[in-house]
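Visitor: I am new to this structure and would like to learn how to read it. Could you walk me through it, one feature at a time?

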Number of protein chains: 2
Amino acid sequence: MSIDEQLVRVLHEKGDHFISGEELAETLGVTRTAIWNHISRLRDLGYTIDALPHHGYRLAGIPDKMLPDEIRNVLTADSFVSKIHAYDRADSTNDIAMRLAEGGALEGELVVAEQQLKGRGRLGRNWFSPKGSGLWLSLILRPSLPPSAAPQATLAGAVAVAKAIRETTGCEAHIKWPNDVVIRGRKVCGILTEMSSDMDRIRHIVLGIGVNVNVDAGAFPDELADIATSLKIESGRELSRLALLGAVIQRFEEGYQEIRTGGFEALKDEWISLCDTVGKHVRVTAEGRELDGVASGVDFRGNLVVRLPNGMSEHIISGDVAVIE
Amino acid sequence: MSIDEQLVRVLHEKGDHFISGEELAETLGVTRTAIWNHISRLRDLGYTIDALPHHGYRLAGIPDKMLPDEIRNVLTADSFVSKIHAYDRADSTNDIAMRLAEGGALEGELVVAEQQLKGRGRLGRNWFSPKGSGLWLSLILRPSLPPSAAPQATLAGAVAVAKAIRETTGCEAHIKWPNDVVIRGRKVCGILTEMSSDMDRIRHIVLGIGVNVNVDAGAFPDELADIATSLKIESGRELSRLALLGAVIQRFEEGYQEIRTGGFEALKDEWISLCDTVGKHVRVTAEGRELDGVASGVDFRGNLVVRLPNGMSEHIISGDVAVIE
């Protein structure tokens, strides 16, 4: 842990109380001048630190930034997040996570960025990822499962985001198959799940989650203006990205634990209860075909089940779904 | 093309006829001394080249080595193999091909090695890949298909190898689900298909094929002695690995063309006709479960369909299958 991280931790522990420069210097094993330098660096990072003669220092505010130590603070003590890779800007957190995973990164390594320059969405689309106003993260997963179970991770991700949004904002978030989270029909979150596997086993999954948190209405590019929204727009207030991140990770861990142990049923039920696609008349564009039917549920692999007019059911692995009724 | 490759090509074109050093020098735009040096290098590579005063040089024999120019010679003119990466030794041709693919290698790039030091099989097993006596190859594929279609490539590979073996050796090769090719019940070929994908599309597949061609009976390690065989053991003669490679690639292209255009039916029928698992009473060990039933076919995704005693059918995505009757 760096001196900065140790310093933040000690200040956090002290809560509302001041701690003297002398005590800090002793605790961290550095000079008082060094403490002063680190305090000043933390202020540059966005920390508000009160300083009073004869009292010392006190943490008065943390920046809503994706800093490893602050992220660690919003995770549970037994969180499966094993390592945090935080970037000010990244081309794409999924690209970084895929490279890390190919290089041997472990289950639970987390990549976050303040800004993505080339954020990617499904089907080769771009993902708008402006600086400081979203949750742009990628999680490395190494479940001992066959590749056909990978879509379950996407579903667990969507459930986690929808629940975390409901808990932290009160907004009525729904899931749109397979992996969008929407509020009032507008997209607030997208998930891009990438995988390396053989035909028997998943080698690694990278679960990319993008949530529009504090994006202002005017900030979306024209092509998204009518279809995208943000939590700030929907709730009418600025939200803590860190708090949302903590909730997303915690909810995801619960669902992921079920998947890993082969118990997809409870998660599936939860997914269906949050989904606003199931029960609706839908048009599916998939694998070059278009078909109309009623979305009747998901199967144990996470595929959408669509009941066709002829009474047969199709299991849709991938594609675009539009609710038409 | 290197001078060596050009020289081999010209000698090939001349067939049984001699060509003078002077003509070679002129054709290739180098000195006669250079020609002499290159001839001597080709001999070191294993080429037999006759040399007669006043006549010149004549190609009398090529080495059974995985040299790019010789491989190109056994491929059809319109082969989809776009580039050949040949190694004397490699840790694993699949590892190399995966790295190449991640770096942007194209559809049809082929990796071959004389020897694999860390050849890999399914389920984390090793693949015995001794020097010069097998076909150890990996093909990079970039089909525009969903990841669930990837097992079809494995099936196309198994069909291609079984047919190529039958054509070049006359041996009765069969397929054992999902991806082994066997002769008299003993394994002569294994296939390891690896993939990088998102949930909608395959990014790339690496189809790894290992065929025991000229492996001698005594050369197999103890644990393989009773379950593995080679084409040399089965046919009683040394075989040209290059000729087999040409046949495998050609047959694979035919099946792969069907898959890419969504026509899996013909390939599936061919697979079933070559398979000695279908119709048999089998025990399947898959995803931590064991089940007995009758293998009744494969579904459109390449999964084995097993009819259970209760009349239900299970679609097996991955696992080990043993014929028990």
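Guide: Gladly! Let us begin with pairing: two strands count as paired if DSSP finds at least two bridges between them. Strand E10 (residues 281-286) of chain A and E14(A) meet that rule, pairing in the antiparallel sense over four bridges. One of the bridge partners to look up is A:Ala322 in E14(A), which is matched with A:Arg283. Please keep in mind that this is a predicted model.

Visitor: What holds paired strands together in general?

Guide: Strands of a sheet pair through backbone hydrogen bonds, and they do so either parallel or antiparallel.

Visitor: In what order do the five strands of the open sheet in chain A come?

Guide: Read across the sheet, the order in chain A is E13-E12-E11-E10-E14, with antiparallel pairing. The edges are strand E13 (313-316) and E14 of chain A, each of which pairs on one side only. On average, neighbouring strands of this sheet are turned by 45 degrees against each other, direction ignored.

Visitor: And which strands form the open sheet in chain B?

Guide: Chain B has an open sheet of five strands in the order E13-E12-E11-E10-E14, and the pairing is antiparallel. Strand E13 (313-316) and strand E14 (320-323) of chain B each have a single partner strand, so one side of each is left without a neighbour in the sheet. Here, too, the average turn between neighbouring strands is 45 degrees, direction ignored.

Visitor: How many bridges join E10(B) to E14(B)?

Guide: Four bridges join strand E10 (residues 281-286) of chain B to E14(B), and the two run antiparallel. You can follow them residue by residue: B:Thr285 has B:Asp320 of E14(B) as its bridge partner, while B:Arg283 has B:Ala322. E10(B) is also joined by six bridges to strand E11 (residues 289-298) of chain B, again antiparallel. There, B:His281 is matched with B:Val294 in E11(B).

Visitor: Now for helices. At what angle do H1 and H3 of chain B pack?

Guide: To read a helix pair, look at the angle between the axes and at the distance separating them. Helix H1 (residues 3-14) and helix H3 (residues 32-45) of chain B pack at about 85 degrees, with their axes 10 Å apart. That makes H1(B) roughly perpendicular to H3(B). On the H1(B) side the contact is made by B:Ile3, B:Asp4, B:Leu7 and B:Val8, and on the H3(B) side by B:His38, B:Arg41 and B:Leu42. Sorted by class, this contact has four nonpolar, one polar and two charged residues.

Visitor: How is chain B related to chain A, and what rotation superposes them?

Guide: For two copies, ask what movement places one on the other. A rotation of 179 degrees with 0.1 Å of shift along its axis superposes chain B on chain A, with an RMSD of 0.2 Å. That is the relation of a two-fold axis. Within chain B, B:Ser196 has the C-alpha nearest the axis, 2.2 Å from it.

Visitor: How many residues does each chain give to the contact?

Guide: The contact takes 22 residues from chain B and 22 residues from chain A. In chain B, helix H6 (150-169) and strand E8 (186-198) are the elements giving two or more residues to the side that touches chain A. E8(B) gives the most, with seven residues. By class, that side of chain B has 10 nonpolar, six polar and six charged residues. Of the interface residues of chain B, 100% are also interface residues in chain A, so the copies meet through the same surface.

Visitor: Which strands pair across the two chains?

Guide: Strand E8 (residues 186-198) of chain A pairs with E8(B) in the antiparallel sense, over five bridges. Among the matched residues are A:Glu194 and its bridge partner in E8(B), B:Asp198.

Visitor: Finally, what mean pLDDT does chain A have?

Guide: pLDDT expresses the predictor's confidence in each residue, from 0 to 100. The mean for chain A is 92, and 99% of its residues reach 70 or more. Among the elements of chain A, strand E14 (residues 320-323) has the lowest mean, 86, and strand E5 (residues 134-141) the highest, 98. For the complex, the predictor gives an ipTM of 0.79 and a pTM of 0.84.

Technical notes:
Residues are numbered from 1 along each chain as its sequence is written. Chains are lettered from A and ligands numbered from 1 in the order in which they are written. This is a predicted model: local features need pLDDT of at least 70, side-chain atom pairs count only at pLDDT 80 or more; totals for chains, interfaces and linings use all residues. Axes are lines fitted to C-alpha atoms, for helices over the stretch in contact, and angles run from 0 to 180 degrees between N-to-C directions. Copies are superposed by least squares on the C-alpha atoms of residues with pLDDT of at least 70 in both. Two residues are in contact if their C-beta atoms, placed from the backbone, lie within 7 Å. Angles under 35 degrees count as roughly parallel, over 145 as roughly antiparallel, 65 to 115 as roughly perpendicular and the rest as oblique. Ala, Val, Leu, Ile, Met, Phe, Trp, Tyr, Cys and Pro count as nonpolar, Asp, Glu, Lys and Arg as charged, and the others, Gly among them, as polar.
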